[in-house]
Structure formats: structure tokens, C-alpha cells
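Colleague: Could you take a close look at a single strand for me, going through its two faces, its neighbours and the sheet around it?

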Amino acid sequence: MSVHFDNFIPHWRTQQEVIAYNILVLVTEGKVRYRINGEDVIAERGDFMYIPQSTLRCGETLPGCPHQKYTALFTLEPGSGTGIPFLDQKRFLRFRLANFQYAQRRFERLYEEMRGSESFRSFICLGIAQELIGILSRELEKPEMTPIKMQYAQIVRHYVLEHYREPIEIEQLARLIHRSPNYTTALFKEVFGQPPIRYMHQLRLLEACNLLLDSDMTIAGISQYLGYYDSSYFFRIFKKYSAMTPAEYIARGRQSELTPLFS
């Protein structure tokens with residue numbers, strides 16, 4: 001039906017009503033309060049929510065805590081089973097996604113497509129919405145992660161986020177949590193869906209895409225800046241994950257996406 005991006009709207013609120021549609025919500029920054037069928041729910045960055053049709057819902061921004069979020073409103077054909085348990089059962093869900101960044105990019109694309117007027121827009125929007133529902137469904141099937149595993153994985157992830165432009169070895173990450181390299185790799189993949197070194201390349205190449213389009217740095221300069229001191233290696237890595245060279249990415253401009261990197 002529609003997709004909205006609430007970008008730090010001061011005093012955002014929505015009235016209490018029984019909604020006539022389903023809602024997907026992804027909070028990307030800050031916190032927001034909802035009241036769902038009489039119960040308070042605080043959603044924060046990384047939370048993915050499904051609010052089913054016929055829910056009594058209202059929401060508001062928390063005092064002194066503006067937020068960003070995407071919301072997608074959709075309906076289902078009456079009486080049709082989808083095979084997705086939480087849709088068919090019409091139950092509210094709040095879930096913290098392992099691969100939050102990928103879901104955020106898909107919401108961004110969905111928002112852009114809904115606002116555009118290009119051909120086949122409705123097919124693309126439907127496909128992205130189905131993908132987001134599929135991502136949530138797949139996450140819900142995973143066994144519950146123990147707190148210590150989540151803690152270890154977050155320690156490694158935080159280090160990679162802070163140091164992704166520097167040389168990183170798996171042995172170095174393993175020492176952070178006093179575990180073996182094999183255990184560290186398997187744990188990170190279990191929680192975040194990819195090995196930590198691949199995640200490092202993901203961060204570097206996302207930054208590379210921004211710099212290629214929005215800076216006057218040379219390709220060789222970007223390579224050095226991101227820790228690829230051999231420019232030919234940077235070219236190979238970029239093409240491996242995007243199926244195009246940095247120069248081709250620049251030529252294609254903002255319509256290009258590195259989706260193969262995150263699949």
C-alpha cells in the first residue's frame with residue numbers, strides 16, 4: 001500500500017486506532033514507543049516488527065529521543081493462507097535481526113521504488129516486501145542464541161566496525177574472546193550470517209561505493225584508504241562481489257547495487 005520513512009520527526013505520534021492493514025517496521029536509529037493491544041512496546045535500532053491487521057495500535061516518539069524508522073503497510077487477500085506462520089496466525093512480532101544492515105538497505109530500496117514512477121515498479125515493490133517477510137520468517141526459524149554467544153559475536157563485530165580499514169586476521173579476532181579461530185568464525189557466521197572477514201570486506205566495499213560516487217578520490221586512493229594497499233587486489237575484490245569493476249560502478253552511477261555481496 002505505502003512505505004514511509006520517519007526521519008527524526010519531532011513529536012512524532014500516531015493516534016490509537018484499529019488498523020485495517022498489516023505493518024512491517026524497521027527501526028534504524030533511536031527508540032520509539034508503541035502501544036499494541038493495550039501493552040507498551042519500546043522498539044529500538046535493529047528491531048524488526050510485524051503489526052497485524054485489526055491490531056489496536058498507537059505510537060509516539062520518546063521524550064528527548066528522536067528516531068528513524070521505515071514502515072511498510074500492506075494487505076493480504078482475505079482467507080488466503082501464505083504458509084508464513086506469523087502472517088497466518090496474525091500475531092504481533094518484535095524481533096532483532098542478525099543481518100540488520102541488509103534489511104535496512106532493502107527497506108531503503110522499497111521506499112525509493114514506491115516514491116518513483118519507473119516501469120514495473122509494482123512488481124519490484126512486491127518482490128522486496130516478500131523478501132523482507134521471508135527474511136523475518138527465516139530468522140524466526142533459527143534456534144535461540146545463548147547470551148554468551150551473542151556477547152562474543154558482538155565483541156567481534158564491534159571490533160571489525162571500529163577497525164575495518166586496518167589489516168584484520170581471524171586469529172586476532174579469536175584472541176578478543178579467548179576462543180579458537182575456527183570457533184570464532186563459526187560463531188560469527190551463526191549470529192550474523194557470514195564470516196567476520198567477509199563482513200570486513202562488506203564494510204570496506206560499502207564505503208568504497210560511497211567514495212566512488214560522492215568524492216573526488218581516485219580509485220587507487222580509495223583502495224589505499226580502505227586498507228587495500230595493492231590496487232589490483234581491490235579491483236579483484238570489488239569485481240568478485242559486485243560483478244563489475246570500480247570504473248564500471250562509477251559509470252552506472254547510483255542505480256548500481258552491490259546486492260551479490262550480501263546474498
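Modeller: In this predicted model, strand β4 has two faces that differ in cover: V32, Y34 and I36 make up the covered face, whereas K31, R33 and R35 make up the uncovered one. Cover is judged from relative accessible area with a 1.4 Å probe and protein chains only (buried under 20%, exposed over 50%, partly exposed in between). The strand itself spans residues 31–36, where strands are DSSP runs of E with at least two residues, numbered from the N terminus.

On one side, β4 pairs with β5 in the antiparallel sense, and 6 bridges join the two strands; two strands count as paired if DSSP finds at least two bridges between them. Both faces of β4 are represented among the bridged residues of this pairing: K31, from the uncovered face, has E44 of β5 as its bridge partner, and Y34, from the covered face, is matched with V41 in β5. The two strands form a hairpin with 2 residues between them, and in this hairpin N37 takes a positive phi near 50°.

The other neighbour of β4 is β7, which covers residues 56–61 and is joined to β4 by 5 bridges, again with the strands running antiparallel. One of the residues involved is I36, a member of the covered face, whose bridge partner in β7 is R57.

Taken together, these pairings place β4 within an open sheet of 4 strands, ordered β2-β7-β4-β5 and paired in the antiparallel sense. The edges of this sheet are β2, residues 13–18, and β5, residues 39–44, each of which pairs on one side only. The hairpin partner of β4 is therefore an edge strand, because β5 pairs on one side only, whereas β4 lies between β7 and β5 in the strand order. From one strand to the next the twist averages 20°, an angle taken between the N-to-C directions of lines fitted to C-alpha atoms, on a scale from 0 to 180 degrees.

As to the basis of this reading, residues are numbered from 1 along each chain as its sequence is written, and side-chain values use heavy atoms, with hydrogens and water left out. Because the model is predicted, local features need pLDDT of at least 70 and side-chain atom pairs count only at pLDDT 80 or more, while totals for chains, interfaces and linings use all residues.
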